[in-house]
Amino acid sequence: MAEVSGSFEYTHKISLTEILEELTRKELISLCKRHGMRRYSDLNKAGLVEAVSRYILSEKVFYNYFICMNDSEIEYMRMAGDYDGIVEETEPEALSYMIIGGYAGFTKNLEFGVPWEVLEGFARLDTEAFEQKRRRVCLIGNYSHIANYLYGVTPPMQVVKMFNQYEKKKTDWAEVINTYRIIEKYRCDFVYVDEYFVDTVFRKNYRELLKLQGNVPYYIPSREEVEEWCQIGFPSSSEYLSELYRYMTQQLWISSDLAADVCFMLENTVHIGCTLKNVQDELRHCGIWCRTKRQRREFEALLSSLIDHSRMIIYRGYTPVEAARL
């Protein structure tokens, strides 16, 4: 990748101020909080637009935000540069990270784009050294998030162990912690507490989770699983949830909206760890029940399959079937 001198000039007219002015005062305050700004509560909208624009374009804030971007987002940014900030065929969702950071958005004409100030800043930033650093941060961050998904409460050395099992350039405790410090503000669903990475869901009661996990070993995903999860996200029991969804809508006459909500609830409940009775109790609370013994038998079989094949935090990433063999 060639060094960019910063002398390239963009000719389009979209500015950061133009995009920020389309946000409400509440949305601008959310941007202030996201970036850790101070002394903004008394500002009117015009003052917020000016303060946010100046702050997020500052060198340190700009660098810290962009170093946390993933490969796909970086490619979309480069594409935006090729088209002077306007990429008509790009879905705005592809740049959602940029949008929630205030670096992209819609103009008053509902034109989606990346401001010229952001494009120029990115052109100066986008060097080989930056790309190597960003890829390293992204890779270690991915392993950290995989560990958090599987275990809920993770000693950083467990991330080191998983990473070093598959990657040629090894890491250590210090690099994993330093990477956490980089991503914690913008791209992190866990916190560092008492020398553990703790999922934000368990922040207040993580010691209880540790007691429940007991001496269960940590599941180490295969290299294929790691690569898949880094590319398309974490595993979901979509096959089993789809069967449940179809059964609820076709056999139990549950509305599609309620069935979708129930499946979402079940996925989260089962991922943390539960028994068939736990799930049945929650379903009854949601008003889901079977009219006949046959329905009850068939529905319980589907629920059991979902539970048996789900990776659970309580078993540190193992499924109940795998955990029973330990």
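**Exercise 1. Determine how β4 is joined to β5, then work out the strand order of the sheet.**

Solution.
Step 1. Strand β4 (residues 190–193) and β5 are joined by four bridges, and the two run antiparallel. This is a predicted model.
Step 2. Pick a pair in register: valine 191 has valine 198 of β5 as its bridge partner.
Step 3. Look at the turn. The hairpin of β4 and β5 has two residues between the strands. There, aspartate 194 takes a positive phi near 50°.
Step 4. Add the next strand. β3 (residues 153–154) pairs with β5 (residues 196–199) over two bridges, in the antiparallel sense.
Step 5. Check the register here too. Valine 153 stands opposite valine 198 in β5.
Step 6. Assemble the sheet. It is open, has three strands, and follows the order β3-β5-β4 with antiparallel pairing.
Step 7. Find the edges. β3 and β4 each have a single partner strand, so each is left with one side lacking a neighbour in the sheet.

**Exercise 2. Classify the packing of α5 against α8, and sort the residues of the contact by type.**

Solution.
Step 1. Take the geometry. α5 and α8 pack at an angle of about 150°, and their axes are 11 Å apart.
Step 2. Apply the cut-off. Angles over 145 degrees count as roughly antiparallel, so α5 is roughly antiparallel to α8.
Step 3. List the contact. α5 supplies Asp71, Ile74 and Arg78. α8 supplies Phe130, Glu131, Arg134 and Arg135.
Step 4. Sort them. Five are charged, two are nonpolar and none is polar.

**Exercise 3. Do the same for α8 and α12.**

Solution.
Step 1. The helices α8 and α12 pack at about 105°, with axes 10 Å apart.
Step 2. The range 65 to 115 degrees counts as roughly perpendicular. α8 and α12 are therefore roughly perpendicular to each other.
Step 3. From α8, the contact uses Asn142, Tyr143, Ile146 and Leu150. From α12, it uses Val226, Trp229 and Cys230.
Step 4. Sort by type. The contact of α8 with α12 has six nonpolar residues, one polar and no charged.

**Exercise 4. Describe the largest pocket: its volume, its lining and the elements that supply that lining.**

Solution.
Step 1. Start with the volume. The largest pocket has about 770 Å³.
Step 2. Go to the centre. Of the 28 lining residues, the closest to the centre are Asn70, Cys138, Asn142, Cys230 and Gln231.
Step 3. Assign elements. α5 (71–82), α8 (128–151) and α12 (223–232) are the elements that give two or more residues to the lining.
Step 4. Rank them. α8 provides the largest share, nine residues.
Step 5. Sort the lining. It divides into 15 nonpolar, seven polar and six charged residues.
Step 6. Link back to Exercise 3. Asn142 and Cys230, both among the residues closest to the pocket centre, also belong to the contact of α8 with α12.

Technical notes: Residues numbered from 1 in each chain as written. Predicted model: local features only at pLDDT ≥ 70, side-chain atom pairs only at ≥ 80, totals over all residues. Heavy atoms only, no water. 1 Å grid on protein atoms, 1.4 Å probe; cavity = no way out; pocket = protein on both sides within 12 Å on 5 of 7 lines; lining within 4 Å. Points joined across faces, edges and corners; volume = space filled by probe spheres on them. Nonpolar A, V, L, I, M, F, W, Y, C, P; charged D, E, K, R; others polar. Axes fitted to C-alpha atoms, helices over the stretch in contact; angles between N-to-C directions. Parallel < 35°, antiparallel > 145°, perpendicular 65-115°, else oblique. Contact = heavy atoms within 4.5 Å. Pairing = 2+ DSSP bridges.
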